[in-house]
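Me: I have a structure to go through and I'm new to it. Can we take it step by step?

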Amino acid sequence: MSTATAAAIRRPADAVLRISEEAALDAAAVDDDAAAITTEPGDGPMLINMGPQHPSTHGVLRIAMELQGETVLRSKPIIGYLHTGMEKTAEDLTFLQGPTNVTRMDYASPLFTELVFCLAVEDLLGTEIPPRATWIRMLMCELNRMSSHLLFLATNGMDLGAVGMMLYGWKEREEILRFFESVTGLRMNHNYIRPGGVAADLPDGWQDDVEHILTVLPDRLEQFDTLMTGQPIWRDRTQGVGVITADEAIAMSATGPLLRSTGEAWDLRRTMPYLAYDEVDFDVVVGAYGDTFDRYSIRLNEIRESMRIVEQCLDKMPRGPYRTEDRKVTPPPRARIDESMEALIHHFKIFTEGFRVPPGETYVAVESPRGELGCYLVSDGGPKPQRVHIRAPSFVNLQSLPHLMYGGLLADAIAIISSVDPIMGEVDR
Amino acid sequence: MADEGVAADDAAPATEIAEQPTMFGVPCTDERGQQVLHPSRDEYLDVLGMAAADGFELCVDVCAVDGLTNRGRAVAPGIEPERFEVVVNLLDLRGRRRLRIRTQVPADDPQVPSAVGLYPGAEAPEREAADLFGISFSDHPDPSRILMPPDWDGHPLRKDYAIGAIPVQFKAVEGR
């Protein structure tokens, strides 16, 4: 288990195809002595580029693959097509504006990026957030985990030919997004979690909406089980495909369902609790074989676990303020602005100049649906961060891809890419 | 007098330890409960190796920071802040501990040994730091750009890399 042997346990052939982006376009330019890659008809390995425009690449992922017949040998994910410099943008936005930016990274689970950024800011500020804000954050994040995993089930099903699953998954996800819209005003990119709490309290009747989701979903999950889990074709396509061991996953810095599929029960909600996860009851779902099927069933069952957490949030939701009373971070209530000049000035300053955060640096991590989502934040004491680095789980997990695909069939490569569940917005940032 | 002498003797080593705690032979600071090590560039790989042997088996993240506009920042006592910093976050799954390693990298020689030999998972994050900051990780197996196009000039996350704007043409301009 020690990392000292990590290099030794890499697959013997070294699954990563180390060629440049340009060389990947022209097989003749590959000066790899061992490769003998050729475009000539014959028996040698062939170089193909899959993507960036390919329905199964979940956006704009390009993979240069060395193929021997239908078998994938070495490969290299080529990314950056969606790079928009969001970490640079973040340096030019105040801490209050920050969530608007980071929420656009992982567009399938935007609340998690908002959460991790706000936790980092609050850590530097030393602000305590009220219990209701904590529980609202937890409620929203678990619902978001459900919607994100439903999106995974939809796309994973479609990638493997269960096209009906595409429609069912999106349909159930929409139920949750509708709730998000009623709370935050937006279906995605919510900018709901802010430093100091959340942007607004839960609307009247939110319990009914959440209960509706909780009553509808179990039946649907049963249907997914019928449609996929127990189905022989589904099992044939996923079992034993893209196997990774715990040692390999740890060596490749993989986290989330990819790590848990190997039997490693590492879930930050349990192992390093944040928010109030130590006060709720849930199970960490782990696999045994580290294959595509395990990763699928982990996500399916994590929806069930998230539902348990959401149920507990319903029961335990405390009353009280939904954001901190700290006047430094929180603008005065709307009613105060009408009667007090100072409140107006204060409000204006928070939204124009922003609040100052004490100098320092911090690393905060949460368990996003894809793995460990971290935020390394450096403040120089001003109202804007000096450096915001988001440790994106998709980005790091993607480097396991060549190891998962090595020696498998090209058709299995589709299943494997899908099972890693990369969100390209987060990969490229 | 004798009492004072004893008190002074007791106090001296205690404050010394409190001021300069070390771990793996390098200064160690406590950032609001997070352990941070400050090795020099020469000690960097050795410290990573010792951390790996100590149970920090997962390299969570490697990233860089440009301190050009933040020269007065706090580092460990005795460590001179340089322009760049390479920050490594490690995780011990068994002990449930985290460790951060901040290494100062001077602007005139932005070079750090690569950790890929110890942590294969550091490959992509190191490529990112190299791409966006122009820090070269020696002995990295694939030192190509990862996020920017291969023919791109400059390193966007450096502080002296100005934010640019590409004019967007929404309507046809006359004369074109």
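**Overall size**

Reply: Chain A has 429 residues and a radius of gyration of 23 Å, which agrees with the value near 22 Å for a compact globule (taken over C-alpha atoms; the rule is 2.2 Å times the number of residues to the power 0.38). This is a predicted model: local features need pLDDT of at least 70, side-chain atom pairs count only at pLDDT 80 or more, and totals for chains, interfaces and linings use all residues. Residues are numbered from 1 along each chain as its sequence is written, chains are lettered from A in the order in which they are written, and side-chain values use heavy atoms, with hydrogens and water left out.

Me: What does the C-alpha trace of chain A span along its principal axes?
Reply: About 85 × 50 × 40 Å.

Me: How many helices and strands does chain A have?
Reply: Chain A has 17 helices and 8 strands (DSSP runs numbered from the N terminus: H or I of at least four residues for helices, E of at least two for strands).

Me: What share of chain A is buried?
Reply: 63% of its 429 residues. Buried means under 20% relative accessible area, exposed over 50%, partly exposed in between, with a 1.4 Å probe and protein chains only.

Me: Switching to chain B, is helix 3 enclosed or open?
Reply: Largely enclosed by the rest of the structure, because 10 of its 11 residues (123-133) are buried. Among them are Leu132(B) and Phe133(B).

Me: Which residue follows helix 3 of chain B?
Reply: Gly134(B), with a positive phi near 70°.
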